[in-house]
Amino acid sequence: MAGPVAVARAPRVAVIGGGPGGLYAAALLKRLDPAREITVWERNAPDDTFGFGVVLSDETLGGIEHADPVVHRALQGEFVRWDDIDIVHRGRTLTSGGHGFAALGRRRLLEILHERCTSLGVRLRFRTEAPPAAELASSYDLVVAADGVHSLTRTAHADVFRPTVTTHRCRYVWLAADFAFDAFRFEIAETAHGVMQLHGYPYAESASTVIVEMREEVWQAAGFADLDERESTERCAKIFADALGGRPLRSNASSWTAFRTVVNDRWSHGNTVLIGDAAHTAHFSIGSGTKLAVEDALALAACIEEQPDLPAALAAYENERRPVVASTQRAAAASLRWFEELATYTGQPPRQFAFGLLTRSRRVTHDNLRLRDPAFTRTVEEDFGCPPGTPPMFTPFRLRGLTLRNRVVVSPMDLYSAVDGVPGDLHLVHLGARALGGAGLVMTEMVCVSPEGRITPGCTGLYTREQGDAWRRVTAFVHASSPGTAIGVQLGHAGRKGSTRLMWEGMDEPLPTGNWPLSAASPLPYRPGVSQIPHQLDRRQLIEIREQFASAARRAQRSGFDLLELHCAHGYLLSGFLSPLTNRRTDAYGGSTAARLRFPLEVFDAVRADWPEDRPMTVRISATDWAPGGNTAEEAVEIARAFAAHGADAIDVSTGQVVPDEKPEFGRSYQTPFADRIRNTLSVPVIAVGAISSWDDVNSLLLAGRTDLCALARPHLYDPHWTLHAAADQGYEGPAAPWPLPYRAGSRTPPAGRTDDPKPRLTLR
C-alpha cells in the first residue's frame, strides 16, 4: 500500500468516512495548508446520521479552541450543559452534582463540520462509497481511514493492522426523547426477565439521547429479538415510562447491537492511517467515542505539521495517542463490566449502589467526588460507617475473633532469603517495619509446608521446630512493638513450580544443581522443555501432603500468628489442582470443577480443624487463568463458594500465574473486578489485590462495596510506612493508624524549601 512519495506536507489527502473524526481531520489539515487537495468520501447523505447526542469534555473543547477557533465558536453556541447525575433505583432518586457535561446533537455537529470543510475548500463526496484504501494510497499522499467500527480498511489489511475485536455480553439501542432531561440519568428497571438500564442525557433544549441496555439473555427473554423497530421502541418507552414521564421514544434506523471493543496492533500501514472507531473503540457508558475520534484528528494534524516526513508523523501520532487510548479503553472496560454485572449490585444499599455507579470506571474516585459533591460523598461515608473525619480505609473490620483496626493488608511478598527454611533478620526487619508502618494486617510470604514444597532454596518453611521458633521471634516483635497490628501466615506448596533459582538469578529457571523432585496434580511441566516434569501424586502422597499442611498450621498457632491463609493461587500445588489447564487427572480429583476442588478442600478442612476456632482462615485463589480453556470468573465464583461453605472467612482474590503463556489484562486495580464479583454474588468477605497503589483507590473500592480489605505489595516495598503516610495525607490522626511513640515526631510532612517568590506590590516608573 505504499504511496507515491512520503512527504511531511501530504499535498493530496483522501479521507474515508464523513463522521466527526474524518471531517475534523480534513478541516484541520486544510486549514494548516490551504494548498492541500483533500477529499472526503461518505456513503450516506449529508443529513443522515445515526445516534442522537454527542458528549464532549472540556479538555477536548480546549484542544478544538486552540486548533480551530471557528469550529469552537460554532460549537459553543450549540451546547447544552449540566452538572448533575441522577441515579434511579427501586423508586429512589439519588443526585450527585459537580460533574460538568456538555452535549449537542450529532446532526448539528456534522452540519458545523460540513460547513467548515466547505468554507475551507475540502471536497465532500456524499452518497459515494470510497475506493479501497489500497487504490487511494497509490494516488494520494495520505489516506485517513475514519470508516468506523466496521472499517473496511481495517478488514482489508488485517494482516498488517492485526485487529482484535471483542464482542461483549449486553445488547443496547440508541433512541431519543423529545424533551430534555435535567441531569445525566441512569435508571434501573428490575423486570421479570432481568435487569435493564437506561442511560439518558439532554443534547438540545427539547431533546435527549436515550440508550437502553441489558444482558443478551435478558434481551432474549424479554422478546426483543422478535420485535421490529417500532415495537421495540414502544416497549422500551413502556418499561421506562416513569423516567420518560409517559412520553414516547423515537428511533432513527435504531437496531439492537452488542458493543465491540476494537484494538489494533498497528494504526498505520504505508501512507494509510486509522483514526477513531476504525482504530479503537471505548464503551459508550464513558462517552468517549466521538471525543477520541476528534482528539485523534487533532493529534494527527499536529504530528503531520511538526514532523519532517510522513512516516515520522504517523509514528509520532500513534506514540502520542496510543497511551491515552489504552487508558481510556481500560476505564471503558471497567465501566462496561460494571453494567454487565449490574444484577449483582442491585441489592446494595442505595447510596453505595450510586457511589459504585459513579466510580465504576475509576476515572471518578472517592477523593475526586469529595471535591465535586462533598455532601453526597459524606452521606455515602456515613452509610458505610465512617465516623466524622475518618476515611473508609481507617474503619475496623472483623474476621471471626480478630478485629483489624483498618482495611490495609501488606500483601505476601517472597524475599527468597531464608536458610534451610528459617526466616532470618531480613524477615524480621521486613515484616516488623511494615507492622510499624500502620497496616491492619501484615502477611508473611508463602511459607512452605515441606522441603520439597519450596519454590527456591531461599523460601521459608514451617516444617521444623527451628523454623517455628524463628517465626515466633517475628510475631512477638510485631505484637510488642506495634500493638493492634495483626500478622498472618500464608501456607503453601510450590508443586510443579518448585526447585527453581532465586528470583533475581532467573525466575522459574531450574536450579543448576541440587534439584529436588517435584510433584503435582498431573505430570505437566510449568515450562515445557525447561522445567522439570513433576510426578503425579497418588492417594497416599495426597494424604501425606495434607498432613504436612495440618502440621504447619499447628506450628503456626504455636508461633503466634493471628490469621492463616491457604495459598490456592498462582499455579502452585493446590492451584494446580483447581485449574483444568494443569489438572488432567481422570480419578476423583480431576474433571469437573467440584472434582478439581476435592483435594484443596480436603487440605482446607484439615488445616481448619487444627487452627484455633477463634482465629480466621482465608484462601487466596487465582480467579482467572488468563488463558483459553482455563478457569474464568464464573469458575472463580464457584471455587469461592465452595471454600466459603467449608468455613473460609474471606477470599483473597488474585489472578493468573498458572501457565506461562497467560495474557493478563494489566491495569490499575485490574484484579479487583474478580473480587467484586465474588463479594457481590456470594456476600462473602474478600481481599482485593493487584495494582492498587493509592489510598484514594483503597477508599473508593471500599465505599463502592467492591472489597472489604485491600492488599498492597509494591507500595509497601517503596514505603514501609505507606499506611501512616496515607493517614497523614488525609489529615487522619485516629486510633486506626497510630504512630509508634518513637516515630511520632515524624507524623507530619517535613517542611521543604520555600519556592514561592514574593509577589510584586509596587510598579516603579
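This is a short walk through a predicted model, from one strand to its aromatic pairs and a few single residues.

Let's start with strand β2. It covers residues 37–42. Five of those six residues are buried, so β2 is largely enclosed by the rest of the structure.

Who are the neighbours? On one pairing we have strand β1, residues 12–16. β1 and β2 run parallel, joined by five bridges. To find the register, look at Ile 16. Ile 16 stands opposite Trp 41 of β2.

Now the connection. Helix α1 spans residues 20–32. Together, β1, α1 and β2 make a β-α-β unit, and that unit is right-handed.

β2 has another pairing, with strand β8, residues 123–126. This one is parallel too, with four bridges. Here the residue to find is Glu 42, which stands opposite Phe 126 in β8.

A general reminder while we are on strands. In a regular strand, side chains alternate between the two faces of the sheet.

Next, the aromatics. How many aromatic pairs does the structure hold? The count is 26. I'll show two.

Take Tyr 172 and Phe 284. Their ring centres are 4.6 Å apart. The planes meet at 45 degrees, so we call this pair tilted; the tilted class lies between the cut-offs of 30 and 60 degrees. Where do the partners sit? Tyr 172 is in strand β10, residues 163–177. Phe 284 is in the loop between β16 (272–274) and α11 (289–306). That is 112 residues apart, so the pair links distant parts of the chain.

Buried or exposed? Tyr 172 is buried, at 10% relative accessible area. Phe 284 is buried as well, at 12%. The cut-off for buried is under 20%.

The other pair is Phe 186 with Phe 339. Centres are 6.0 Å apart, planes at 25 degrees, so this pair is stacked. Phe 186 belongs to strand β11, residues 184–191. Phe 339 belongs to helix α12, residues 310–340. The pair therefore ties together parts that are 153 residues apart in sequence. Both rings' residues, Phe 186 and Phe 339, are buried.

And these two have company. They belong to one aromatic cluster, whose members also include Trp 82, Phe 101 and Phe 184. Tyr 201, Trp 338, Tyr 345 and Phe 353 complete the cluster.

Over to the surface. Which residues make the nonpolar patch of about 360 Å²? They are Met 503, Trp 504 and Met 507. Met 503 lies in helix α18, residues 503–506. Its relative accessible area is 40%, so Met 503 counts as partly exposed.

Last stop: two single residues and their distances.

Ala 648 sits in the loop between α22 (633–645) and β26 (650–654). Ala 648 is buried, with a relative accessible area of 9%. Now look across to Thr 618. Along the chain, Ala 648 and Thr 618 are 30 residues apart. Their C-alpha atoms are separated by 5.3 Å.

Then Val 165. Back to strand β10, where Val 165 has its place. Val 165 is partly exposed, at 36% relative accessibility. Compare its position with Ala 727. Those two are 562 residues apart along the chain. Their C-alpha atoms are separated by 43 Å.

To recap: β2 is largely enclosed and pairs in parallel with β1 and with β8. Tyr 172 and Phe 284 form a tilted pair, while Phe 186 and Phe 339 form a stacked one. Thanks, and over to you.

Technical notes:
Residues numbered from 1 in each chain as written. Predicted model: local features only at pLDDT ≥ 70, side-chain atom pairs only at ≥ 80, totals over all residues. Heavy atoms only, no water. Buried < 20%, exposed > 50% of the residue type's maximum accessible area, 1.4 Å probe, protein only. Helix = DSSP H or I, 4+ residues; strand = E, 2+ residues; numbered from the N terminus. Pairing = 2+ DSSP bridges. Right-handed = clockwise from strand over helix to strand, strands pointing away. Patch = residues over 30% accessible without salt bridge, like charges linked within 9 Å, V, L, I, M, F, W, Y side chains within 5 Å. Areas by Shrake-Rupley, 256 points an atom, 1.4 Å probe, with all protein chains shown as cover. Salt bridge = Lys/Arg side-chain N within 4 Å of Asp/Glu carboxyl O. Phe/Tyr/Trp six-rings, centres within 6.5 Å; stacked < 30°, edge-to-face > 60°.
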